[in-house]
Amino acid sequence: MKTIGLFGGTFDPIHLGHLQAAAEVRRRARLDRILFIPSYLPPHKKTGAAASAADRLRMVELACRRRAGFEASAIEVEAREKSYSILTLRKLRALSPEARLFFILGVDAFLDIGTWREYHRVIEECYFIVMGRPGFDLDRARDVLAGGLKDAVGPLPTGGAAAGPLPPHIRVFLVPIRALDISSTGIRARVRRGLSVDGLVPKPVAAYIRDHELYRGR
Ligand code: ATP
Ligand code: MG
């Protein structure tokens, strides 16, 4: 049984917090690979991204290069429309019908799941791995789900292999990790102030930000 993690985000820009969290989850759950899926956000939207979808995708590609088991996916960027997880999931499912799919996200992002289109369906159609993030209590993931779904939250089985037998009622696996206190917001603020982002993003990503003069103005 193949196992694939789907790690979506704005990735504006991708940073070592994302990469170290994904690496730890991949090791713990023994996932075959993780797809990093930058979202397409329409330009000129107030809450949109600071860098273009093309730049965010390129930085994800640079970060995944030479990291075994990590791949950049252009599926949302190329769709050029608001990215709904349910649609992305169905497209990826069609591409890998045999695989077990796991949506990976930090607990801060999971707390917003009530705003996702058809989130009940997403939980029915694939597994979730919710990982810790500094400042957020992992157990709050249970609180945001509607009544019946609260019982669908639990730890990874001992041994941890995502390819092995999973408890039949669990759809959302809570995975505590040693998350780094790094955010894209913090990185953009540093660049704006002319500070170095060394040690916060992979070297090729730091060079890309510099060469393309990203994040200078906002
Ligand atoms: P921003 O500050 O712009 O919101 P971010 O650092 O939160 O950026 P996102 O692209 O919003 O990054 O996050 C994508 C996914 O990665 C989310 O599921 C988020 O919870 C997770 N994530 C981001 N940073 C970390 C981190 N340091 N540790 C663990 N998970 C993280
Ligand atoms: Mg975020």
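1. Helix 9, residues 203–211, is the top contributor to the lining of the second largest pocket, giving three residues. Keep in mind throughout that this is a predicted model.

2. The rest of that site, for your grid setup: the second largest pocket holds about 200 Å³ of space. Its lining is made up of V191, G194, L195, S196, V197, D198, A206, I209, R210, L214 and R216. Sorted by class, that lining comes out as six nonpolar, two polar and three charged residues.

3. Now the main site. The largest pocket encloses about 1,400 Å³, and 50 residues line it. If you want a place to centre a box, G8, G9, T10, S39 and A109 are the lining residues nearest the pocket's centre. Strand 1 (3–9), helix 1, helix 4 (85–95), strand 4 (100–106), helix 5 (107–110) and helix 8 (184–192) each give two or more residues to this lining.

4. On chemistry, the largest pocket's lining has 21 nonpolar residues, 18 polar ones and eleven charged ones.

5. Helix 1 deserves its own point, as one of the elements in that lining. It runs over residues 16–29, 14 residues in all, and spans 20 Å between its first and last C-alpha, close to the 20 Å expected at 1.5 Å a residue. Right after helix 1 comes R30, with a positive phi near 50°.

6. Which residues of helix 1 are buried? They are G17, H18, L19, A21, A22, E24, V25 and A29. When you look at the spacing, remember that an α-helix has 3.6 residues a turn, so residues three or four places apart point the same way.

Methods. Residues are numbered from 1 along each chain as its sequence is written. Chains are lettered from A and ligands numbered from 1 in the order in which they are written. This is a predicted model: local features need pLDDT of at least 70, side-chain atom pairs count only at pLDDT 80 or more; totals for chains, interfaces and linings use all residues. Side-chain values use heavy atoms; hydrogens and water are left out. Helices (H or I, at least four residues) and strands (E, at least two) are DSSP runs, numbered from the N terminus. The expected span of a helix is 1.5 Å times one less than its number of residues. Buried means under 20% relative accessible area, exposed over 50%, partly exposed in between (1.4 Å probe, protein chains only). On a 1 Å grid over the protein atoms alone, a cavity is a set of points where a 1.4 Å probe fits but cannot get out, and a pocket is an open set with protein on both sides within 12 Å along at least five of seven lines; lining residues have an atom within 4 Å of a point. Grid points are joined across faces, edges and corners, and a volume is the space filled by probe spheres set on the points. Ala, Val, Leu, Ile, Met, Phe, Trp, Tyr, Cys and Pro count as nonpolar, Asp, Glu, Lys and Arg as charged, and the others, Gly among them, as polar.
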